[in-house]
Amino acid sequence: MDRGGCQMNGGGGGDRSGADQPGVITLEDLESFSEDQLSDSGNGSLEEEAETMEEDEDRLLHYWQDVARGHQVEVSQDMAEPIQQLTSNNQGRSQRELVPFTLLARREKCGELLYEKRQYEKGHWACITMREDTYEQSICYGFMRIMKYICQQNSLGGYLGMTLPIVTVVRTNENQSVISRDVTVAYFLPNEHQAQPPPPTDSEILIEIWPATTVYTRAFTGPTNEVTIINQINALAELLDSPGVCISDSFIVAGYTNPAHSNRQNEIWFLERP
């Protein structure tokens, strides 16, 4: 697999609150399961508690599998434990750390926010570049591998914490009409792990320091696929006074809500040239 680079500056390839990738059940989905459903511990024997936990894992796994199947994505049995860990550790928005940024400017028209200009500081990101048949498959399989890193496949052997948004770096041709099959999925390390990011056990997940970057970002709702991404790129390009200041063939899609939600929250990011 040609992983390439996956830095924010678009130099080679590879929300406001939440992670949305088609075919992947994300935190919003998991909140549909109550704490009582996820854990009934403390009222029975250790054997009963272990059996309940196993049932929870199976139920959540089957839920992921059902939704992912609609996007031609297979969720393997080894995802059961990471799904359970992510669920039990994220029973509320307060558990999710937002990727920090400084708001530089906002452009509005008739009270409607058209786009924002933000400054994201230098930081460590875990990223993996996938090359599946479709964009949806690439981000689904990429996110599941990142999820394993977050939950267990790291040098600490434990849960690292969830940050939002989960971003994907997409690359296009020069006239921004075709998306490359190489798609990078990236996760910002929580603040407590920024100084010393735990190395992943998956050799294809890279820990990179992305430089400080200025982005122009526009919110949109609905699915994220090849067609909608191209449409959103063109829409933001028309709104910018000087689109030439941005990189023209590398963009970021930031996802904030789950794929089953009828009003998914996403952003398209243009990266200002260094």
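A charge sits over a ring if NZ of Lys or CZ of Arg is within 6 Å of the ring centre and within 35 degrees of the ring normal. Keep that handy for the last exercise, and bear in mind that this is a predicted model.

**Exercise 1. Work out how strand β4 sits among its neighbours: which strands pair with β4, and in what sense?**

Start with β8, residues 206-210: this strand pairs with β4 in the antiparallel sense, over 5 bridges. One contact to look up there is G123, whose bridge partner in β8 is W210. Now turn to β7, residues 183-188, which is joined to β4 by 6 bridges and also runs antiparallel to β4. Here C127 of β4 stands opposite A186.

**Exercise 2. Sort the residues of β4 by the way they point, and decide whether they are buried or exposed.**

Take the strand from 123 to 130. G123, W125, C127 and T129 point one way, while H124, A126, I128 and M130 point the other way. Next, check the cover: 8 of the 8 residues in β4 are buried. So what about W125 in particular? Its relative accessibility is 2%, and buried means under 20%, so W125 counts as buried.

**Exercise 3. Classify the ring pair W125 and W210, and say what the pair ties together.**

The structure holds 7 aromatic pairs. In this one the ring centres are 4.4 Å apart and the planes meet at 15°; planes under 30 degrees apart count as stacked, so that's the label for W125 and W210. Then place the partners: W125 belongs to β4 and W210 to β8, so the pair ties together parts 85 residues apart in sequence. As for W210, its relative accessibility is 0%, so it counts as buried.

**Exercise 4. Do the same for Y149 and Y187: which geometry do they have, and where do they lie?**

The centres are 6.3 Å apart with 75° between the planes, and this pair is edge-to-face. Y149 sits in helix α5 (residues 135-151) and Y187 in strand β7, so the pair links distant parts of the chain, 38 residues apart. Finish with the cover: Y149 has 1% relative accessibility and counts as buried, and Y187 is buried too, with a relative accessible area of 0%.

**Exercise 5. Find the residue that lies over the face of F101, and name the aromatic cluster F101 belongs to.**

First the cluster: F101 forms one with Y120 and W269. Then look over the face of the F101 ring, where you'll find R118 at 4.5 Å from the ring centre.

Definitions and conventions:
Residues numbered from 1 in each chain as written. Predicted model: local features only at pLDDT ≥ 70, side-chain atom pairs only at ≥ 80, totals over all residues. Heavy atoms only, no water. Buried < 20%, exposed > 50% of the residue type's maximum accessible area, 1.4 Å probe, protein only. Helix = DSSP H or I, 4+ residues; strand = E, 2+ residues; numbered from the N terminus. Pairing = 2+ DSSP bridges. Phe/Tyr/Trp six-rings, centres within 6.5 Å; stacked < 30°, edge-to-face > 60°.
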